[in-house]
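Biologist: I'd like to learn how to read a structure properly. Could you take me through one, feature by feature?

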Amino acid sequence: MSAIERLVNEFSGGRRRPLRVLGASGQLGYGIPTPALNEGLRRNPDMIGCDMGSIDIGPHYLGNGTMAPTRVGAKRDLRKVLKAARQLDIPLIIGSAGSAGAAPHLEQTVDLVREIAREEDLHFRMAVIPADIPRDVVKAAIRTGRVHPLDTMPDLTEEEVDAASNLVGQMGVEAFRRALEAGADVVIAGRACDTGIFAAIPIMLGFPAGIATHMAKIVECASLCCVPGGRDTILATLDDEGFDLESMAPNRAATPSSVAAHSLYEQADPYEIREPAGRIDLRNVTYTALDPRRTRVSGAAFEPAQRQTIKLEGARSVGHRALLLCGAADPRFIARHEMILESVKAVVRDLVCEDTEEDYKLFFRVYGADGVRDWGAAPDPLPREVFILGECIAPSAQRAEEVVRTTKQYLLHHGYEGRISTAGNLAFPFTPPEVVTGSAYRFNVFHLMEVDDMASLFPVEIEEL
């Protein structure tokens, strides 16, 4: 009998006991503090969940198919949670495998799981759920008006669908549930809603969907909802009326204010959580301190969607990137930096485009002035020093490097009004100050697609290890 079958049998009777849900890691692959994990395991959880991905890391990993954490880090964390789940004989669910959840990320993650199983002599049934969406399905949906842009994205075109290096959809509870119903002890999913990882089992067992999903939204980030926030393992104890939260790190406290604040995490509307199956209404939620370290949450309500949708994510290549890293402490340079940088861009363009067209884009971010955001006005008073990040996007790595190296040389010695020394305008943190980072990507698919059949888009593949 599988781990999930035992849970279903236990909870199929009359009055249910509370369900203990362990959020082992806020993002698998960057380290799981062992003391907190061990304390969570000591509490005899009924399941372990881990979110492994996000689009917070930008489009690069989705575009080029690599994992954001190192292979060593990912394998170390996977080994911890796999061994723990099998020793306790409880389900382990991992979503957004390999960072971005596309086929190459899922394959890399599953290969690591197989390696660990061999090395540790672990035996279990594994479900793998791909999240790659067929391009012809998306194109057909575009033609029938069933794809809608999110945020400031333009309408999706068939050309952009073809241009995406990888194209995924975010699966929800439904896909995880099918994997568990197939008797999987371990579920490894491609790109997924983080709530699906933790809400699927509670909803299978009959717990209210609103409360279960709200719980899932908080524990997927582990102890980030605590004071001070961190990534240590967290335990949620769920019943039919609400759930209790406790960090497994003794120095972190889940307080009503910190948990309420985290309920707003990644939400455009502070009163709702939107998922493929529906929305969670948070208007009547209460947060009550149980003691200085634990909070009880109740009141979330689920409203089923009238029309099922999934979020599509895709990234396309925009060329190759090279960077220039330097700083300046001359107050005259800092006061005139906008004019100086524009002048140098013109000089560089004239030099590198003598025999070819201008086929690159050169940008500057001046940290201390406008590196994080465009403030619209210069700081007053001016900073004592600034850090300058120059970025070039070009058709090839060689072209990007040429532009950045030329920029470095002419920015270093550019003459400007009031300059005192000709020795150089810049300070370099190291040499070479130019860095070639490889292919550059941008999100070109960030849209909602109406769907009729979730199961056909997220097939469950079973493997015995």
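Modeller: We'll go through sheets, a helix, salt bridges, a cavity and a loop residue. Keep in mind that this is a predicted model.

Biologist: Sheets first, then. How many strands does the open sheet with mixed pairing have, and in what order do they sit?

Modeller: The general idea is that strands of a sheet pair through backbone hydrogen bonds, either parallel or antiparallel. Here there are ten strands, in the order 12-13-9-8-1-2-3-7-4-19. At the edges sit strand 12 (286-291) and strand 19 (461-464), each pairing on one side only. From one strand to the next, the twist averages 20°.

Biologist: Can we zoom in on one pair? How many bridges join strand 8 to strand 9, and which way do the two run?

Modeller: Strand 8 (residues 234-238) and strand 9 (residues 242-247) run antiparallel, joined by five bridges. If you want a spot to click on, Ile234 has Ser247 of strand 9 opposite.

Biologist: And which helix packs on that sheet, touching strand 8 among others?

Modeller: That's helix 9 (residues 194-204), which touches strand 1 (19-25), strand 2 (47-51), strand 3 (92-95) and strand 8. The direction of helix 9 makes about 165° with that of strand 2.

Biologist: Why is helix 9 described as largely enclosed?

Modeller: Because eleven of its eleven residues are buried, helix 9 is largely enclosed by the rest of the structure. Among the buried ones are Phe198, Ile201 and Met204, and also Asp194 and Thr195. After helix 9 comes Gly206, with a positive phi near 100°.

Biologist: Where is the open sheet with three strands, and how does it pair?

Modeller: Look for strands in the order 10-11-14, with antiparallel pairing. Strand 10 (272-275) and strand 14 (301-304) are the edges, pairing on one side only. The twist averages 20° from one strand to the next in this sheet. Strand 10 pairs with strand 11 (residues 278-281) over four bridges, and Arg274 has Arg279 as its bridge partner in strand 11.

Biologist: On to charges. How many salt bridges does the count come to?

Modeller: In general, side chains of opposite charge can pair when their charged atoms come close. The count comes to 50 salt bridges in this model. A good one to start with is Arg316 with Glu160, at 3.1 Å from N to O. Arg316 is in strand 15 (residues 309-328) and Glu160 in helix 7 (residues 158-163), so you're looking at a link between distant parts of the chain, 156 residues apart.

Biologist: What other salt bridge does Glu160 form?

Modeller: Glu160 also forms one with Arg442, where the closest N and O atoms are 3.4 Å apart. Arg442 belongs to strand 18 (residues 434-450), so this pair ties together parts that are 282 residues apart in sequence.

Biologist: Are those two residues buried or partly exposed?

Modeller: Glu160 has 15% relative accessibility, so it counts as buried, the limit being under 20%. Arg442, at 36%, counts as partly exposed.

Biologist: What about a salt bridge within one helix: how far apart in sequence are Arg405 and Glu401 in helix 14?

Modeller: An α-helix has 3.6 residues a turn, so residues three or four places apart point the same way. Arg405 and Glu401 lie four residues apart in helix 14 (residues 397-412), about one turn of the helix. Their side chains meet in a salt bridge at 2.9 Å, N to O. Arg405 counts as partly exposed at 42% relative accessibility, and Glu401 counts as partly exposed at 26%.

Biologist: Which residues are linked in a network of salt bridges?

Modeller: Arg71, Lys75, Arg79, Lys83, Glu115, Glu119 and Glu120 are linked that way.

Biologist: Now for empty space. How many cavities of 30 Å³ or more are there?

Modeller: Rolling a probe the size of a water molecule over the atoms shows where empty space is left. The count comes to one cavity of 30 Å³ or more. The largest cavity holds about 40 Å³ of space, and its lining includes Ser54, Leu62, Arg191, Glu313 and Phe443.

Biologist: Last one: where does Thr255 lie, and what is Thr255 in contact with?

Modeller: Thr255 lies in the loop between strand 9 and helix 11 (256-262). At 19% relative accessibility, Thr255 counts as buried. Leaving aside neighbours within four places in sequence, Thr255 is in contact with Val227, Pro292 and Thr295.

Key. Residues numbered from 1 in each chain as written. Predicted model: local features only at pLDDT ≥ 70, side-chain atom pairs only at ≥ 80, totals over all residues. Heavy atoms only, no water. Pairing = 2+ DSSP bridges. Axes fitted to C-alpha atoms, helices over the stretch in contact; angles between N-to-C directions. Contact = heavy atoms within 4.5 Å. Salt bridge = Lys/Arg side-chain N within 4 Å of Asp/Glu carboxyl O. Buried < 20%, exposed > 50% of the residue type's maximum accessible area, 1.4 Å probe, protein only. 1 Å grid on protein atoms, 1.4 Å probe; cavity = no way out; pocket = protein on both sides within 12 Å on 5 of 7 lines; lining within 4 Å. Points joined across faces, edges and corners; volume = space filled by probe spheres on them.
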